[in-house]
Amino acid sequence: MRTPRTLTLAAVSLGVCLTIGAAPPASAQGNQDGELQGRMERGRQLAARHCSACHLEPDPDILPRQSWRTALGYMGFLLGMRNVDYLEGDPPVGRASVLARRDILVREDAIPDSPALSERDWEALRRYYVESAPEAPLPQENKPPLEWELSRFRVVESDYRVPGAVTTLVHVRPETGEAYIGDSALNTLTVLGEGGQIKLAGQRPATNIYPIDIVFTGERAYVGSIGDLDASRPTEDRLAHISTLELVDGGIEGAPASVVVGGLYRMADMAVADVNGDGRLDFVACGFGHVTGRTSWFEARADGSYEEHVLIPRAGGVKVEVADFNGDGRLDIAVLIAESREAFYILINTGDGRFERREIFETQPAYGHTYFELQDFNDDGLDDLLVVNGDNVDSDPYNTRKRYQGVRVYLNRGGLRFDEAYFYPLYGAFIARSADFDNDGDRDIAAISYFPDFSAVLRESFVYLENQGGLEFTASTSRELARGRWMTMDAGDIDGDGDVDVVLGGAYLQLGMLMHLDLFTELRETGPAVLLLENTLH
C-alpha cells in the first residue's frame, strides 16, 4: 500500500520538497497501525476458532496470497459463506475453480444453511491469511543437488501406446515378471511382458472396471475400481467396487469376473487379508469419496457375503496397509487420510473384529498426502514409513509450488512412535517405491511427481534417490522422463535378470495444468502411456 510517507520519500529522492505529501502526525499513524494490528489479531483469533474445527490451523505462509484467496473461497462454503465477490479481479481460472467447487458442494448438500460467522468477521479472517501470506511461494529448503543423468536405469519404450492415456494402475506381478496396466478411460487391463511389450492386449471384464489396484491370491485376482474418477455424480455403473477374476491358466485372459463388494464411492486403495483370523480373506477399502467417504473393512461371511465395518467415517482415505504393528499376532490396519484433517492412523486389532484408532501424526490441510508404504530402512526389524505428499488439486488451480511437498521416511521407534528422519523436497510428489535398486544392501527410493513445476525449463517428474547409507541419499533424474506425466508406478523385475526395474504409468488430465494448457496439449498428444526403466545393474 502506498502511503503519504512513501510519496514523500520518492519526492525527496528527486530533490523536490512536497509538504502536501508529508507523513501524518504520529498520533494518526499510531491509530492506523493499531487498527491494522487489531484487525489482524481479530482475524487470527477467528482462524483459530473456525479453521481448527476441521483440521490443524494452517500458518499463513503455507500458500502465497493468490492461492489463499482461492483456498479461502473453498473453505468459506463449508462455513456457510456463499458470496465470492471478493474474487473479482482474480485470474478467471481461479474464480471458475471456486465456483465449480461450490456446485459440487451444493449438489452434495454440504453448505450449511446458516453462516458460521458474520460477513465482517469473514472478511477479517480472509484478510489475516491473505495479508500475512508471502507474495510468492517460499522456496524449497535444503534440497540436495540433482544430477540430470540417470545412470542406474535405461529408458525402454513399450509398444503399449494409448494417446491421452489415463493410466491409474501399474502392478508388477513378481511371480511372473508381468506388468498389469489399468486405464480408467478405456476401462481395460493390459498385460506387459519382458521389455514392457504387450503380452495380452486390453481386456474389459464384465464388471466395467476403473482399475486402481490388483491383488493376486491363489487362483484369483481381486481388482479395485475407483469408479467416479473425476468426482462427477456417479451413475450406477460408475460406482467404485471390488471385483474378482477367476484366473484361467494363471492369467486374466477370458477370466470370469464378478463384483464381490459394490456401492463404494471413489475408492483409492484396498488391501486383501484375513483381518480377523477366521480363515477367510477380507477387504479393507479406502473410500476417498469427495464430500463424503469412509474407510472400512469388509468381513467375509461363511455364506460368501461381506459385512461392512466402518473404521474411519470420513472422506480422504488414500492408502491402506495391513500388518502386525504391536507384535500381538493380530493384523492391524494403517491408513493415510488426505482430506481436511490429514493424518496417518494405525488401527490396533483388539480381537473380535474391533479396532482402536491411534493417531501417529497429523499435518496441515494443504499437505496433499498421496501414498505410503511400509519398509524397514534401518534393519531393526520394525516397519518404517515411506510417505509421499504432493497433491495440488485441493488447495488451488495454479499448481502452486509448495516447499513442504516431497518424500519422507519416518523411522519406527517402537510403541507406535515414528520420527521423521529424512525429507526430499519434490514439488507435486505422488508415488514413491523403495527397493535395493543398486544391490548394495540398503533401500533406495524411486519417486514420481504428477504436479511438478510446469513453468520450469527442466521438470523434475521422476527422481531416483540412491541410499549412501544412514539415510543419506543422492538424487538423479533424466530429461527424457519430463516428456511424460506420471500418475502411478511400480517396481519389480520385469526383464527376468534378477534386479529391480521400474514401470511408469502416464495419465494426461488437465488437473493442475489450467495455467499451462499449451504444455498440457503437448503432453496429451505425445506423452507415453507407459515407460519401462530397465535397471542397468545386470
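Contact here means heavy atoms within 4.5 Å. With that in hand, let's work through some exercises on this predicted model.

**Exercise 1. Find out which residues Val-322 touches beyond its neighbours in sequence.**

Start with the place of Val-322 in the fold: the residue sits in strand β15, which covers residues 317-323. Next, set aside residues up to four places away in sequence; the contacts that remain are Ala-271, Ala-273, Val-284, Leu-331, Asp-332 and Ile-333. Finally, try a pair for distance: from C-alpha to C-alpha, Val-322 and Tyr-210 are 23 Å apart, with their positions 112 residues apart in sequence.

**Exercise 2. Decide whether Asn-349 is buried or exposed, and list its contacts.**

Look first at strand β17 (residues 343-351), where Asn-349 is found. The relative accessibility of Asn-349 is 4%, and the cut-off for buried is under 20%, so Asn-349 counts as buried. Now leave out neighbours within four places in sequence: Asn-349 is in contact with Val-275, Asp-328, Arg-330, Leu-331, Asp-332, Arg-354 and Phe-355. Leu-331 and Asp-332 also appear among the contacts of Val-322.

**Exercise 3. Work out the setting of Ser-67 and find a polar partner for its side chain.**

Ser-67 belongs to helix α3. Its relative accessibility is 2%, so Ser-67 is buried. The side chain of Ser-67 makes a polar contact of 2.9 Å with the side chain of Asp-396.

**Exercise 4. Examine the phi angles of Asp-249 and Asn-439, and say where each residue lies.**

A word of background: most residues other than glycine have a negative phi. Asp-249 has a positive phi, near 50°, and lies in the loop between β9 (240-246) and β10 (257-264). With a relative accessible area of 81%, Asp-249 is exposed. Turn now to Asn-439, whose phi is also positive, at about 55°. The loop that holds Asn-439 runs between β23 (429-435) and β24 (444-449). At 56% relative accessibility, Asn-439 is exposed.

**Exercise 5. Describe the second largest pocket and its lining.**

Begin with the volume, about 820 Å³. The lining has 36 residues, and those closest to the pocket centre are His-55, Met-75, Leu-78, Glu-339 and Ser-340. Then ask which elements give two or more residues to this lining: they are α3 (65-78), α4 (92-107) and α5 (119-132). Helix α3 supplies the largest share, six residues. To finish, sort the lining by class, which gives 24 nonpolar, seven polar and five charged residues.

**Exercise 6. Count the cavities and characterise the largest one.**

With a cut-off of 30 Å³ or more, there are two cavities. The largest cavity holds about 60 Å³ of space. Its lining consists of Asp-61, Ile-62, Leu-63, Pro-64, Pro-134, Pro-137, Leu-138, Arg-401, Lys-402, Arg-403 and Tyr-404. Sorted by class, that lining comes to seven nonpolar and four charged residues, with no polar ones.

**Exercise 7. Judge where the model calls for caution.**

Take the whole protein first: the average pLDDT is 91, and 91% of the residues score at least 70. Then look at residues 1-23, where the pLDDT is below 50. This stretch has nine contacts in the model beyond near neighbours in sequence. Where pLDDT is low, the predicted coordinates should not be read in detail.

Terms used
Residues are numbered from 1 along each chain as its sequence is written. This is a predicted model: local features need pLDDT of at least 70, side-chain atom pairs count only at pLDDT 80 or more; totals for chains, interfaces and linings use all residues. Side-chain values use heavy atoms; hydrogens and water are left out. On a 1 Å grid over the protein atoms alone, a cavity is a set of points where a 1.4 Å probe fits but cannot get out, and a pocket is an open set with protein on both sides within 12 Å along at least five of seven lines; lining residues have an atom within 4 Å of a point. Grid points are joined across faces, edges and corners, and a volume is the space filled by probe spheres set on the points. Helices (H or I, at least four residues) and strands (E, at least two) are DSSP runs, numbered from the N terminus. Ala, Val, Leu, Ile, Met, Phe, Trp, Tyr, Cys and Pro count as nonpolar, Asp, Glu, Lys and Arg as charged, and the others, Gly among them, as polar. pLDDT is the predictor's confidence in each residue, from 0 to 100. Buried means under 20% relative accessible area, exposed over 50%, partly exposed in between (1.4 Å probe, protein chains only). A polar contact is a pair of N or O atoms within 3.5 Å; within protein, one must be able to donate a hydrogen and the other to accept it, and residues adjacent in sequence count only if both atoms are side-chain atoms.
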